[in-house]
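Me: I am new to this structure. Please take a close look at the place where its two domains meet, and set that place in the whole.

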Amino acid sequence: MKALNRIIEQARKAPGRIALSEGDDARVLTAAVRATQQGIARIILVGSRANAEALAAKEGLPLDGIDFVDPTDSPLMPELTDALFELRRHKGMTREQAAEQAAQPLICANLLVKAGHADGTVSGAVHTTGDVVRAAIQILGVKPGFKLISSFFLMMMCEPFHSLKGGLIFSDCGLVVDPNAEELSEIAMAAADSARDLLMEEPRVAMLSFSTRGSARHAAVDKVVEAARRVKAQRPGMAIDEDVQLDAAIVAEIANRKLPDSQVKGNANVLIFPNLEAGNIGYKLAERVGGAVAIGPLMQGLSLPANDLSRGCSAEDVFHVIAVTVVQGHSAAAAKA
């Protein structure tokens with residue numbers, strides 16, 4: 001998996017500080033130890049140190065090199081409480097409520113990122129997606145220039161039987177149910193940034209539809225076309241095809257026949273689905289029928305990195321998301337510089 005290996009190598013070159021709020025889960029703890037041993041991240045386990053140490057002893061996992069922030073006794077808690085209070089006081093939060101919420105590991109992990117003590121956070125092996133996304137939006141906020149948080153999957157096509165090789169970005173497959181044209185354009189631009197950061201390639205964006213260049217007339221097609229034109233106006237140098245069917249997006253021969261003036265030329269590395277229904281079906285078909293490896297759902301559009309896990313994730317999945325989060329942290333740091 002060359003694309004995934006490149007991500008891991010990028011992380012190893014500059015290991016980021018990643019806060020994990022579910023260290024009492026064996027999958028998360030196993031991934032934390034592996035990330036530490038392989039030098040891709042400096043892990044901060046947020047939560048009960050005693051519980052994590054007991055689990056590590058049971059699983060035979062060494063905790064050397066892993067840091068802890070236990071909200072019951074960490075000297076950082078007054079600072080994190082103040083940070084949360086300042087963020088949420090306009091919503092009526094009291095300082096006492098801030099102290100209570102800052103002690104929750106999920107909230108605490110995001111506060112560590114906000115305060116600069118961590119470069120990113122990964123949760124969701126235990127917490128629901130709703131809780132993970134809510135904490136990230138409320139504490140980390142939206143990236144400048146964006147209004148919307150969306151998600152993507154990093155899809156790896158690396159088996160001998162794959163005719164299409166390498167990594168692809170699928171978006172949005174996890175969060176935004178029925179985006180309007182403006183929201184869809186934001187999803188496309190965020191996914192293009194994700195491709196540049198993680199695939200380390202210039203994005204080639206296909207705005208998927210059941211129509212190719214107006215071959216069908218419908219309001220759903222109009223939305224995709226309008227979204228693509230918004231992207232073109234804001235990023236005029238980026239390769240993007242308007243309403244395009246999947247085959248024309250990823251097969252050069254079909255693109256030449258259906259869309260001879262295509263900018264993507266059947267070589268898309270970013271597939272933008274018109275709604276969550278299509279995106280969710282699409283990534284699961286690619287994974288379960290097509291044999292692709294799906295990493296995600298990953299979040300985009302946040303000011304600082306935070307990622308969600310499936311509650312059915314494996315330790316391998318957690319390890320990969322840690323690596324992705326480290327590389328996202330590199331991009332966030334570069335944007336601030």
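Reply:

**The domain contact and its setting**

The structure holds 21 salt bridges. This is a predicted model. One of those bridges joins the side chains of Arg49 and Glu53, at 2.9 Å from N to O. Both residues belong to helix α3, residues 49-59. They sit four residues apart there, so about one helical turn separates them.

Now the part you asked about. The domain assignment gives domain 1 as residues 2-141 and domain 2 as residues 150-293. The contact draws eight residues from domain 1 and nine residues from domain 2. The centres of domain 1 and domain 2, taken over C-alpha atoms, lie 32 Å apart.

How much area goes into the contact? The size of an interface is often given as the accessible area lost when the parts come together. Domain 1 and domain 2 bury about 610 Å² between them. Carbon and sulfur atoms carry 79% of that area. On the side of domain 1, Ala3, Arg6 and Ile7 lose the most area to domain 2. Together these three residues make up 60% of what the domain 1 side buries.

What about charges and polar groups across the interface? Between domain 1 and domain 2 there are zero salt bridges. The Arg49 to Glu53 bridge, by contrast, lies within helix α3. Polar contact between the two domains comes to one residue pair, with both residues at pLDDT 80 or more.

Which elements build the domain 1 side? Helix α1 (2-13) and helix α7 (129-140) each supply at least two residues to the side that touches domain 2. Helix α1 gives the largest share, six residues. By class, this side of domain 1 has four nonpolar, two polar and two charged residues.

Step back to the whole protein. Its secondary structure comes to 13 helices and eleven strands. The radius of gyration is 21 Å, close to the 20 Å that the globule rule gives for 337 residues, so the protein is as compact as a globular protein of that length. Along the principal axes, the C-alpha atoms fill a box of roughly 65 × 50 × 35 Å.

A few backbone details round out the picture. Most residues other than glycine have a negative phi, and most peptide bonds are trans. The peptide bond from Ser171 to Asp172 is cis, with omega near -10°. Asp172 lies in the loop between β6 (166-171) and α8 (181-199). At the other end of that loop's helix comes another detail: Met200 is in the loop between α8 and β7 (204-208). Met200 has a positive phi, near 60°, and is a residue other than glycine. A cis bond also runs from Gly296 to Pro297, with omega near 10°. Pro297 is in strand β10, residues 293-300.

To return to your contact: about 610 Å² is buried between domain 1 and domain 2, α1 supplies six residues of the domain 1 side, and zero salt bridges cross the interface.

Terms used
Residues numbered from 1 in each chain as written. Predicted model: local features only at pLDDT ≥ 70, side-chain atom pairs only at ≥ 80, totals over all residues. Heavy atoms only, no water. Domains from an automatic or database assignment. Contact = heavy atoms within 4.5 Å. Buried area = accessible area lost by both parts, 1.4 Å probe. Salt bridge = Lys/Arg side-chain N within 4 Å of Asp/Glu carboxyl O. Polar contact = N/O pair within 3.5 Å; in protein donor to acceptor, adjacent residues only side chain to side chain. Nonpolar A, V, L, I, M, F, W, Y, C, P; charged D, E, K, R; others polar. Rg over C-alpha atoms; globule rule 2.2 N^0.38 Å.
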